Amino acid sequence: MRATRASRALAELYRARPDAVLSEPEVEAALASAGAPVNKVTVYRMLDRFAAAGLLHKQVDAARVTRYALAPQGEEGATPRFECDDCHRQFRLSQGSAKVQTALRQVLQALATAGHESLAVDIAVRGRCAGCAHPADGAAA
Ligand SMILES: [Zn+2]
């Protein structure tokens, strides 16, 4: 991967916000405000390259918007995430993640014992985020 200024800015973006789950327009806007403006095609190309390199995890939300999150590190596969039905923002859930992982390992082990192979695990919780459910409380940062 060529370390262009834009891809360094992209890596920095996810390093600064490791829980971010961003769509292409959001990444494009973030790069522009970080002083590394790039066009849509280039952003998509970089995101796909990062995803192909295993750095980012590509997913499609309920509104069919493609979003990119930092790929889980190590062998712990799936990080549960929460998706808001109203604004379609996504949040990765780190709280309680260990318990989910333990339960998940048992499920995967049971599958393996039965001879099945699991290819991908995606844990998503849908609902309304705090900002949409309680707009009077003011927007959280
Ligand atoms: Zn929301």
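**Note on the zinc site and the fold**

1. The zinc ion is held by four cysteine sulfurs, the SG atoms of Cys84, Cys87, Cys129 and Cys132, at 2.3 Å. The model is a predicted one, and the values below are computed from it.

2. The geometry at the zinc ion is tetrahedral, the angles among its four donor atoms being 106 to 113 degrees. For reference, the ideal angle for four tetrahedral donors is 109.5 degrees.

3. Along the chain, the donors of the zinc ion are spaced as C-x2-C-x41-C-x2-C. Cysteine 87 sits in the loop between strand 4 (81-84) and strand 5 (90-92), whereas cysteine 132 belongs to helix 5 (residues 130-133), so this pair ties together parts that are 45 residues apart in sequence.

4. Is cysteine 87 buried, partly exposed or exposed? Its relative accessibility is 32%, and cysteine 87 therefore counts as partly exposed; the limits that apply are under 20% for buried and over 50% for exposed.

5. On the overall fold: the protein has five helices and six strands. Read from the N terminus, the order of elements is α-β-α-α-β-β-β-β-α-β-α.

6. Three of the strands make up an open sheet with the order 1-3-2 and antiparallel pairing. Strand 1 (21-23) and strand 2 (56-60) are the edge strands, each pairing on one side only. Between neighbouring strands of this sheet the average turn is 30 degrees, with direction ignored.

7. The pairing of strand 2 with strand 3 (residues 66-70) is antiparallel and runs over five bridges. Within it, histidine 57 has alanine 69 of strand 3 as its bridge partner.

8. Two helices should be described together with this sheet. Helix 3 (residues 40-52) packs on the sheet and touches strand 2 and strand 3, its direction making about 115 degrees with that of strand 2. Helix 2 (residues 24-33) lies across strand 1 and strand 3, and runs at about 95 degrees to strand 1.

9. Some totals for the chain follow. The protein has 141 residues, of which 28% count as buried. Its exposed area is about 9100 Å², with carbon and sulfur atoms supplying 55% of it. Among contacts with a separation of 6 or more, 49% are accounted for by residues 24 or more positions apart.

Definitions and conventions
Residues are numbered from 1 along each chain as its sequence is written. This is a predicted model: local features need pLDDT of at least 70, side-chain atom pairs count only at pLDDT 80 or more; totals for chains, interfaces and linings use all residues. Side-chain values use heavy atoms; hydrogens and water are left out. Donors are N, O and S atoms within 2.8 Å of the metal (3.2 Å for Na, K and Ca); water is not among the atoms, so sites may look incomplete. Four donors count as tetrahedral if all angles lie between 85 and 135 degrees; four count as square planar and six as octahedral if opposite donors are over 155 degrees apart and all others between 65 and 115; anything else is irregular. Helices (H or I, at least four residues) and strands (E, at least two) are DSSP runs, numbered from the N terminus. Buried means under 20% relative accessible area, exposed over 50%, partly exposed in between (1.4 Å probe, protein chains only). Contact means heavy atoms within 4.5 Å. Accessible areas come from the Shrake-Rupley method with a 1.4 Å probe; for residues, only the protein chains shown count as cover. Two strands pair if DSSP finds at least two bridges between them. Axes are lines fitted to C-alpha atoms, for helices over the stretch in contact, and angles run from 0 to 180 degrees between N-to-C directions.
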